[in-house]
Amino acid sequence: MTSFVMMGQILLITGATGLVGKALVKQCLSEGHTVHYLSTQKSKIVSQTNYKGFYWNPQENKIDIACFGGVEVVLNLAGASIAQRWSNAAKASILSSRTDALALLHSSIETHNFPVKHIISASAIGIYPDSKTRYYDEKFQGTDASFLRAVVKSWEGSLKPFQSIGVKTTALRIGIVLDSQEGALPKIMGPIKHYFGAALGSGDQWQSWIHIDDLVRVFMFVLELELEGVYNAVAPNPVQQIELTKLIAKILQRPLVLPNVPEFVLKLLLGEMRAIALESQRVCAAKIQDAGFKFNYLELEPALEDLIA
Ligand SMILES: NC(=O)c1ccc[n+]([C@@H]2O[C@H](COP(=O)([O-])OP(=O)(O)OC[C@H]3O[C@@H](n4cnc5c(N)ncnc54)[C@H](OP(=O)(O)O)[C@@H]3O)[C@@H](O)[C@H]2O)c1
């Protein structure tokens with residue numbers, strides 16, 4: 001009798017050491033894939049049988065091209081954090097870390113003719129303008145002059161050159177990633193736990209979220225089905241900020257007694273970066289669902305219960 005064994009692939013992951021990257025690497029390894037990853041930090045580079053790190057510095061156009069050995073699919077998550085004060089230098093780094101990373105991957109693949117067939121890249125729902133009334137799907141084309149829009153447009157634009165060298169591209173417009181250890185959730189939970197939680201600004205801004213496990217499953221789904229194009233990576237039921245705050249307080253069994261934090265206070269505390277907390281993007285998950293993806297966490301409350309418990 002012939003036995004058929006599914007072989008894992010060799011995947012190249014950038015930004016593998018971050019919040020999303022760590023969870024994605026874990027899943028890739030558990031599914032039998034080998035992970036090569038690029039890191040800008042030499043201290044984060046390890047070499048194990050199925051998990052091998054390689055150094056790069058996109059700003060200086062440096063890359064260890066051995067990372068491409070046997071690789072057909074690249075998962076791109078690299079980018080300087082947007083959760084820092086948006087000084088001019090920080091803004092430049094937020095943008096260039098994303099565009100330089102993709103440009104360097106592209107030029108390396110083109111120059112050395114590496115047989116990469118698909119790049120799946122993080123993008124963000126920040127591409128959609130701030131609106132309390134619109135319901136955004138991937139076909140929406142409008143934009144405005146904000147910094148976030150400019151960053152995400154350029155980021156997605158940096159994927160286009162891959163198509164002309166025969167590499168399929170996918171951009172996943174990721175919403176607010178909910179994770180128990182890192183990212184937005186622990187930051188929102190902190191004040192609520194210590195009895196000074198409050199909704200931010202008007203509180204009626206839409207927040208399109210996704211549970212970290214579902215986000216990892218979206219990446220694996222796109223990888224397996226070789227889906228191309230742009231997909232929103234958000235749960236199907238976004239909520240308004242006040243609702244998110246109330247649900248966290250309910251699960252933590254804490255009262256919410258303070259009035260909403262006014263926008264001018266957020267401006268003082270966060271500067272222009274307050275846009276992350278105050279912008280409203282109600283984003284639709286129908287396209288990835290129509291492709292057959294089944295969310296484990298459709299509603300916010302069970303997602304929060306899972307993460308906070
Ligand atoms: N978390 C969210 O809520 C969310 C929402 C929407 C979109 N996204 C996007 O999804 C991607 C992954 O998110 P994440 O939360 O996992 O981010 P993260 O925790 O900040 O990790 C990003 C990784 O990018 C690498 N990086 C940092 N600065 C860099 C630079 N200057 N040049 C090249 N690489 C650099 C770092 O890896 P090394 O130190 O190993 O180089 C870092 O671990 C990001 O691009 C983010 O913008 C995230």
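Analyst: Residues fall into three classes: Ala, Val, Leu, Ile, Met, Phe, Trp, Tyr, Cys and Pro are nonpolar, Asp, Glu, Lys and Arg are charged, and the others, Gly among them, are polar. This is a predicted model, where local features need pLDDT of at least 70 and side-chain atom pairs pLDDT 80 or more, while totals for chains, interfaces and linings use all residues. Numbering starts from 1 along each chain as its sequence is written, and side-chain values use heavy atoms, with hydrogens and water left out.

User: How many charged residues are in the shell around the ligand?

Analyst: The shell takes in 24 residues around the ligand, each with a heavy atom within 4 Å of it. Nonpolar residues number 11, and polar residues also number 11. The charged count is 2.

User: Which residues come nearest to the ligand?

Analyst: There are 24 residues around the ligand to choose from. One that lies nearest, S39, has a polar side-chain atom 2.6 Å from a ligand oxygen. The full set that comes nearest is T17, S39, T40, K44 and R98.

User: How far is the side chain of R98 from an oxygen atom of the ligand?

Analyst: R98 is among the residues that come nearest to the ligand. The pair joins an N or O atom of the R98 side chain to a ligand oxygen. A polar contact is a pair of N or O atoms within 3.5 Å. Here the separation is 2.7 Å.

User: Which residue puts a polar backbone atom 3.0 Å from an oxygen atom of the ligand?

Analyst: Look at the backbone for this one. On the protein side the atom is polar, and on the ligand side it is an oxygen. The residue is L77.

User: How much of the ligand does the protein bury?

Analyst: Start with the ligand taken alone, which exposes 880 Å². That area comes from the Shrake-Rupley method with a 1.4 Å probe. The protein buries 81%.

User: Which element gives the most to the shell around the ligand?

Analyst: Elements are DSSP runs, with helices of at least four residues and strands of at least two. Helix 1 (19–30), helix 2 (88–112), strand 6 (118–124) and strand 8 (176–178) each give two or more residues to the shell. With 3 residues, the top contributor is strand 6.

User: Is S107 buried or exposed, or partly exposed?

Analyst: S107 sits in helix 2. Buried means under 20% relative accessible area, exposed means over 50%, and partly exposed is in between. At 27%, S107 is therefore partly exposed.

User: What separates the C-alpha atoms of S107 and N61?

Analyst: Along the chain, S107 and N61 are 46 residues apart. S107 has its place in helix 2. In space, the two C-alpha atoms are separated by 9.8 Å.

Note on methods:
A polar contact is a pair of N or O atoms within 3.5 Å; within protein, one must be able to donate a hydrogen and the other to accept it, and residues adjacent in sequence count only if both atoms are side-chain atoms. Buried means under 20% relative accessible area, exposed over 50%, partly exposed in between (1.4 Å probe, protein chains only).
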